[in-house]
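I opened my notebook to look up a few things in this structure. Here is what I wrote down, entry by entry.

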Amino acid sequence: MSRIVRGFIIVWTVLRFGLDELVLSSFEKPWIRLLSRIVSFGRNLEAPRGERLRQALEHLGPIFVKFGQVLSTRRDLLPPDIADELARLQDRVPPFPSAVAVAIIEKSFGKPLDRIFESFEQTPVASASIAQVHFATLPGGREVAVKVLRPNMVAAFKKDLALMSMMAGWVERASKDGKRLKPREVVAEFDKYLHDELDLLREASNAAQLRRNMQSLDLVMIPEMYWDYCMPDVMVMQRMYGVPIGQTQRLRDAGVDMKKLSRDGVTLFFTQVFRDGFFHADMHPGNIQVSLAPETFGRYISLDFGIVGTLTEVDKEYLAQNFSAFFQRDYKRVAELHIESGWVPPATRVDELESAIRACCEPMFDRPLKELSLGMVLMRLFQTSRRFQVEIQPQLVLLQKTLLNIEGLGRDLDPDLDLWSTAKPFLERWMLEQVGPEKLLAQLKAEAPSYAKLLPMLPRLMAQYLKAGPPANHSRLNELLAEQKRTNKLLQSLIYGGLGFVLGLIFMQVVLRIRLF
């Protein structure tokens, strides 16, 4: 019964904001298009379709707001006007009653609130679609922020997701763009993101990992997690003091170097991506602050770690090769990399894909560096991806979304920010490290424990093998000795080859630096 009631609420919201006309107009069957014109007769649907969709999601509640936020990252699937409007969705959700938050905390810890905290502020300081935050003080005087999951989120999530999945199936079967847009896969992707965010222990572990990774940079502050007070639905962390990054005038008045702040943001992001392969993937202005304390003046403060992106060594290698080919305008190599990775159908012609990529990227190089927009390049690449049926990888979609966030934040802080020229030295240095002797030594060091275990065992294994054979085993022994001689020769060849390889690497480093710089 509750699902039926929820279904009626969704249908009423769809009709109220004219989403039925938006959906029906995308179907290819003539009778459905006629139905679209009939149902829209007499209703005021002058507002842009993206605005109507955003307002409908806001009225349907926190789960749908979060779905719209995730959907806004899929610019490879959505028209630009809808993606831009959904990107305006913010976590401005009314807070739930403080008494409910207290009840959740007491249930999680199994004791009264006054035995958990020395003091607790009943009024929340922030309210999002998944949780809200209260300030408190632990016994001993440590000031903390307490994040509490909204009540009944899991149950509401399951019901709404079942309805979303059902509607996605209808759209996929009836819409002309259904197969390309893959609505059921988008819902499944949302399912994964939301499951991650509904577990505050997972968010706390993400924050702890980022905090360890970023300690050596002294550019960002990440709150410490108090593990004795972290539960799946309650998370207690260090209280941070900072100015929201959107208050640029206040930051300027305080004497913050905005140009340095924007460059530091780019450095932080590319360090997380290429050095660590683990990056904060929800870097919108609501999650970023700047410290004005004398000892940490001008440092970033990162908050909300429910969504993080990860990249494997293969992903990073792929990105490095693409960036290298892009900077050298080797569009054929970019096309070959897409086909080799399996993201493009094997029958795709390299020259056609090369020509399309050149049309996207070449105009960007002919403009002044500070006018280059990563957002424009990505939008044109997304249009190309639709034409060539490129399979967009989820981990790279998060990366693309975060890059757009970084560029937007950077330009707000410094309108003359040149993302490419700021990031290029970092990328070049990283690429040189991937093909240089340092990478080889790092790989040998990583494999050394395995070699150290194996080498001492070889004589014993050889002796066991010889003892296990019959008494008349001279022929095998002779064969083994002959094989050992051949192995010695092979080792000598490998040593000489290794020396040649190292010399070749040094030569390649010199040539590569000349070409890059």
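**Entry 1: the whole chain**

I began with contacts, meaning heavy atoms within 4.5 Å. Residues 24 or more positions apart make up 67% of the chain's contacts with a separation of 6 or more. I noted that this is a predicted model, in which local features need pLDDT of at least 70 and side-chain atom pairs count only at pLDDT 80 or more, while totals for chains, interfaces and linings use all residues. Residues are numbered from 1 along each chain as its sequence is written, and side-chain values use heavy atoms, with hydrogens and water left out.

I then looked up the secondary structure and found 21 helices and eleven strands. Helices (H or I, at least four residues) and strands (E, at least two) are DSSP runs, numbered from the N terminus.

Next came burial. I used relative accessible area with a 1.4 Å probe and protein chains only: buried is under 20%, exposed is over 50%, and partly exposed is in between. The chain has 517 residues, and 45% of them count as buried. The exposed area of the chain is about 27,900 Å², with 59% supplied by carbon and sulfur atoms. Accessible areas come from the Shrake-Rupley method with a 1.4 Å probe, and for residues only the protein chains shown count as cover.

**Entry 2: the nonpolar cores**

A nonpolar core is a set of buried Ala, Val, Leu, Ile, Met, Phe, Trp, Tyr and Cys residues joined through side-chain atoms within 4.5 Å. In soluble globular proteins, nonpolar side chains tend to be buried together. I found 80 residues in the largest core, where Leu-86, Phe-269, Phe-270, Phe-274 and Tyr-300 have the most contacts. Helix H13 (residues 258-276) gives the largest share of this core, eight residues. A second, separate core has 19 residues, among them Phe-117, Phe-120, Val-144 and Val-236.

I also asked myself which residues Phe-269 is in contact with, leaving aside neighbours within four places in sequence. My list reads Phe-279, Met-283, Leu-399, Thr-402, Leu-403 and Ile-406.

**Entry 3: a cavity**

On a 1 Å grid over the protein atoms alone, a cavity is a set of points where a 1.4 Å probe fits but cannot get out, and a pocket is an open set with protein on both sides within 12 Å along at least five of seven lines; lining residues have an atom within 4 Å of a point. Grid points are joined across faces, edges and corners, and a volume is the space filled by probe spheres set on the points.

I counted two cavities of 30 Å³ or more. The second largest has a volume of about 120 Å³. It is lined by 15 residues, with Gly-265, Met-283, Tyr-300, Ile-406 and Leu-409 closest to its centre. H13, strand E10 (300-302) and helix H18 (394-413) each give two or more residues to this lining, and H13 gives the most, with five. By class, I noted eleven nonpolar, four polar and no charged residues in this cavity's lining. Here Ala, Val, Leu, Ile, Met, Phe, Trp, Tyr, Cys and Pro count as nonpolar, Asp, Glu, Lys and Arg as charged, and the others, Gly among them, as polar.

**Entry 4: a pocket**

The second largest pocket has a volume of about 930 Å³. Of its 37 lining residues, Ala-126, Gly-286, Asn-287, Gln-289 and Leu-303 lie nearest the centre. Elements giving two or more residues to it include strand E4 (143-149) and helix H11 (200-214). Strand E3 gives the most, with four. I sorted the pocket lining into 17 nonpolar, twelve polar and eight charged residues.

**Entry 5: single residues**

Most residues other than glycine have a negative phi. Asp-218 has a positive phi of about 55°, and I found it in the loop between H11 and strand E5 (220-221). Asp-304 also has a positive phi, near 65°, and sits in the loop between E10 and strand E11 (308-310).

Is Asp-304 buried or exposed? With a relative accessible area of 16%, Asp-304 is buried, whereas Asp-218 is partly exposed at 46%.

My last stop was Ser-119 in strand E1 (residues 119-120). Ser-119 touches Ala-136 and Thr-137, not counting residues up to four places away in sequence.
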